[in-house]
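Grab your viewer and let's work through some exercises on enclosed space in a protein model. Try each task before you read its solution.

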Amino acid sequence: MMKVLVVGSGGREHAIVDKVQQSKLVDQVYALPGNYGIGLQAELVAIDSNDNDKILAFVKEKAIDLVIIGPENVLFNGLADVLIENDIKVLGPTKAASLIEASKEYAKELMAKYQIPTAQYQAFTDYRQAMNYIKAKNSYPIVIKYDGLAAGKGVYIVNNEAEATYVLEALLVEKTFGDEGLIIEDFLTGDEFTLLALVNNERVYPFQTARDFKRVFDNDEGLNTGGMGAICPYHNIDEATFNEAYEILKKTAAALVKENRPFSGVLYGGFMRTAHGVKVIEYNARFGDPETQCVLNNLASDLVENILDLLSGKEVKLEFKKQTSVGVVLSAPGYPEDYEKGIDLANYLTLPFKILHMQSQLENGTVISAGGRVLFVLNEGKDSKDGFTNIYEELNKITKHSLHYRKDLMNY
């Protein structure tokens, strides 16, 4: 029997822990650093997820058989490299391969070189040059993306010059997220969806399609967030569109091999089905959050067995349940900007669904919020409307809400 360590502390990691715990191959699951809810299903390890030396020492001490890395910053900090150098099995790409997420500009350059369809763009580090480009273009909406890692919050869709000025000042003058610069790209219209895949070099094994909802308010209004809900599989994506996205992921994996950045782990493709075919919006180098919560809930095969087959070069057989999984994110009021902290979660923990903890902690015997996105309410149904309707019926029974959530997801 195996020991598995899951690195991270959010809803994605809770979903991974939940799935790993179901494996017939596993008898011990650790989570580092985890959160309160994850701690109900795994043994928590109080080590900083960016302390590679201490993580390696722990893995050796406990004779961990497999490490699954959740967060992007941990990947770009090189944890997978350290584990691979010590012959420890890990699901997660090297620092070199994770650049496909860590730099939007690099991802765009890769797509241009290998004729992978995406929106037209320009990269900038200077405020005045970026502003002049937008003024000359004079076409809205337009998309501004921070080049580096921004925890899912570095993407802005701006509709006029005033909004563009505000965002450029934040990113290039105030350097809200850092000094990596930004890219400005054309706004794509169509149906947005996600396709995750297990990848090892040029071998690509896709999960089902998913859809997440980035805007914080109903009717896709408000700021972009890390995601306010999800659907899997996404009913609007037909087989032909799925295959088009799958071919793009295969082409991307092959390109990374050619660039001497071979990818091993979970490759996330964020796609737009446009009038001119499927185009890439973004790549992630790991399981996406919150899509993973729904994607893994639909997985019928043994995730750990699938991962071991991937890493050993065997054929991976992903199998899926015949159901639609949906989820609603409960967030702290004010998120994704300044938000309330330390909110009592008792009202929500008795909901009759699987509750995955995104950011929670125990304080003086009370479970409280510990971040912006707090809980993920997961449900299955015959279709997405059925699944969401049942969630909303139960949420409506709560007379006083202390958390925010979108109320319109059954309409998608």
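Below are two exercises on cavities, each with a worked solution.

This is a predicted model, where local features need pLDDT of at least 70, side-chain atom pairs count only at pLDDT 80 or more, and totals for chains, interfaces and linings use all residues. Residues are numbered from 1 along each chain as its sequence is written, and side-chain values use heavy atoms, with hydrogens and water left out.

**Exercise 1.** Work out what lines the largest cavity and which element gives the largest share.

*Solution.*
- Step 1: search the whole structure, which turns up two cavities of 30 Å³ or more. A cavity here is a set of points on a 1 Å grid, over the protein atoms alone, where a 1.4 Å probe fits but cannot get out. Volume is the space filled by probe spheres set on the points, which are joined across faces, edges and corners.
- Step 2: the largest one holds about 60 Å³.
- Step 3: list its lining (residues with an atom within 4 Å of a point): Ile100, Lys104, Ala107, Lys108, Met111, Lys145, Ile183, Ile281, Glu282 and Tyr283.
- Step 4: helix H6 (104-113) gives the largest share, four residues. Helices are DSSP runs of H or I, at least four residues, and strands are E runs of at least two, numbered from the N terminus. Strand S16 (277-284) also supplies at least two.

**Exercise 2.** Find the residues around the second largest cavity and the strands that supply at least two of them each.

*Solution.*
- Step 1: this cavity has about 30 Å³ of space.
- Step 2: Glu192, Thr194, Lys214, Tyr268, Gly270, Ile281 and Glu282 line it.
- Step 3: the strands you want are S10 (191-200), S15 (264-274) and S16.

Notes:
On a 1 Å grid over the protein atoms alone, a cavity is a set of points where a 1.4 Å probe fits but cannot get out, and a pocket is an open set with protein on both sides within 12 Å along at least five of seven lines; lining residues have an atom within 4 Å of a point.
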